[in-house]
Amino acid sequence: MTRDNSPLDSILQSRKYRGLDLPEETLRDLYERELQRHPNPKEAVKAVREKLHNIIAPYLGDPDYEAGQAALRRAFAAGDPAVVKEACRQLMSQHASTRERIPLLEDFYPRLFAVTGQPRVIADLACGLNPLAFAWMGLPRETRYHAYDLHHPRVELINTYFALAGLAPLAEHRDILISPPEVEADVAFFFKEAHRFEQRQRGCNRAFWQALKARWLLVSLPITNLTGQRDLLERQRALVARTMEGLNWPVTEVLMDTELVFCIEKQDGA
Ligand SMILES: C[S@@+](CC[C@H](N)C(=O)[O-])C[C@H]1O[C@@H](n2cnc3c(N)ncnc32)[C@H](O)[C@@H]1O
């Protein structure tokens, strides 16, 4: 980076973000975009802080990651699948996106895979704690489950889970908007993040969805706000329609209680 990057260091070293090991390219991308809108570097840094707050969303909640790893190890050592599921449920309940999905889990993946068929290769994009729902997916351990998040402790927790569950530890720490995954997936999950991508960079979903080499792209969006009050159904349909305008990708909607999943068939993966 040609510009002085010390203002960004102050963000990275702040108590809020210190332990997360955020990708440097994320900060750089945000800063360079904000400098175009705010030539004054101080104002640009302030705008980066605001964007980052929304991207990382500490208000959605976090488990204690070290304690979470220990809890998973204990649960697997018990040798009882019900104990493992309970440990995963506990961890998922500590982040709003997965917490809201817990009541849906028994039906969630069977309904999606009824549309897509059973995947052998998954790409879970901006995965959060969602890979901990693997036991509800009804898939074999040979499944290649690629997962991506820019929050390092989350990625490490997921890889610990994968290793304990006998899956390949394919969770990756990366900014998927800047570096879209190249993996050829049968099914890509992009759950509860597309509306937030629009806040980071308006209109960015289209090129991102096009770049993915997935046969099926499952985009989910919340249909209520965090307090459960507002009906966002039409707004989310409009976001998806706008993003895919002119692209001939067939879409099947699967409506769950709190989440609408758009099953988008990218056909040739192009
Ligand atoms: C709202 S949560 C959704 C988590 C998960 N998809 C779910 O529905 O349970 C958003 C997650 O995306 C991650 N994230 C946000 N922007 C990202 C990016 N550009 N690249 C990778 N991960 C990202 C955040 O760290 C967070 O874990």
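## Sheet, helices and ligand shell

Strand E4 (residues 185-191) and strand E5 (residues 214-222) run parallel, joined by 6 bridges. All of this comes from a predicted model, so keep that in mind as you look around. Within the E4-E5 pair, Val-187 has Trp-216 of E5 as its bridge partner.

Which sheet do these strands belong to? They sit in an open sheet of 7 strands with mixed pairing, ordered E3-E2-E1-E4-E5-E7-E6. At the edges are strand E3 (171-173) and strand E6 (251-255), each of which pairs on one side only. From one strand to the next, the twist averages 20°.

Helix H8 (residues 152-165) packs on this sheet, where it touches strand E2 (144-149) and E3. The direction of H8 makes about 165° with that of E3.

Here are three of the strand pairs, side by side.

| Pair | Sense | Bridges |
|---|---|---|
| E1 (residues 121-125) and E2 | parallel | 5 bridges |
| E2 and E3 | parallel | 3 bridges |
| E4 (residues 185-191) and E5 (residues 214-222) | parallel | 6 bridges |

Ala-147 is a handy residue to click on if you want to walk across this part of the sheet. On one side, Asp-124 stands opposite Ala-147 in E2. In E3, the bridge partner of Ala-147 is Ala-171. As a general reminder, strands of a sheet pair through backbone hydrogen bonds, either parallel or antiparallel.

Back to H8, which has a helix partner too. Helix H4 (residues 65-77) packs with H8 at an angle of about 5°, and their axes are 10 Å apart. Angles under 35 degrees count as roughly parallel, which is why H4 is called roughly parallel to H8. On the H4 side, the contact is made by Tyr-65, Gly-68, Gln-69, Leu-72, Arg-73 and Phe-76. H8 answers with Pro-153, Glu-156, Leu-157, Thr-160, Tyr-161 and Leu-164. By class, the residues of this H4-H8 contact divide into 7 nonpolar, 3 polar and 2 charged.

Now for the ligand. Which residues come nearest to the ligand? Of the 21 residues around it, they are Ser-97, Ala-126, Gly-128, Phe-191 and Lys-192. Helix H3 (41-56), helix H6 (96-101) and E2 are the elements that give two or more residues to the shell. The shell residues divide into 11 nonpolar, 5 polar and 5 charged.

Finally, the domains. The domain assignment of the chain gives domain 1 (6-56) and domain 2 (98-265). Taken over C-alpha atoms, the centres of domain 1 and domain 2 are separated by 26 Å. Their contact takes 12 residues from domain 1 and 11 residues from domain 2. On the side of domain 1 that touches domain 2, helix H2 (24-37) and H3 each supply at least two residues. Which helix gives the most to that side of domain 1? H3 does, with 4 residues. By class, that side of domain 1 has 5 nonpolar, 3 polar and 4 charged residues. H3 is thus worth a second look: H3 gives two or more residues to the ligand shell, and H3 also gives the most to the side of domain 1 that touches domain 2.

Note on methods. Residues are numbered from 1 along each chain as its sequence is written. This is a predicted model: local features need pLDDT of at least 70, side-chain atom pairs count only at pLDDT 80 or more; totals for chains, interfaces and linings use all residues. Two strands pair if DSSP finds at least two bridges between them. Axes are lines fitted to C-alpha atoms, for helices over the stretch in contact, and angles run from 0 to 180 degrees between N-to-C directions. Two residues are in contact if their C-beta atoms, placed from the backbone, lie within 7 Å. A residue is near a molecule or strand if its C-beta atom, placed from the backbone, lies within 6 Å of it. Ala, Val, Leu, Ile, Met, Phe, Trp, Tyr, Cys and Pro count as nonpolar, Asp, Glu, Lys and Arg as charged, and the others, Gly among them, as polar. Angles under 35 degrees count as roughly parallel, over 145 as roughly antiparallel, 65 to 115 as roughly perpendicular and the rest as oblique. Domain bounds come from an automatic or database domain assignment.
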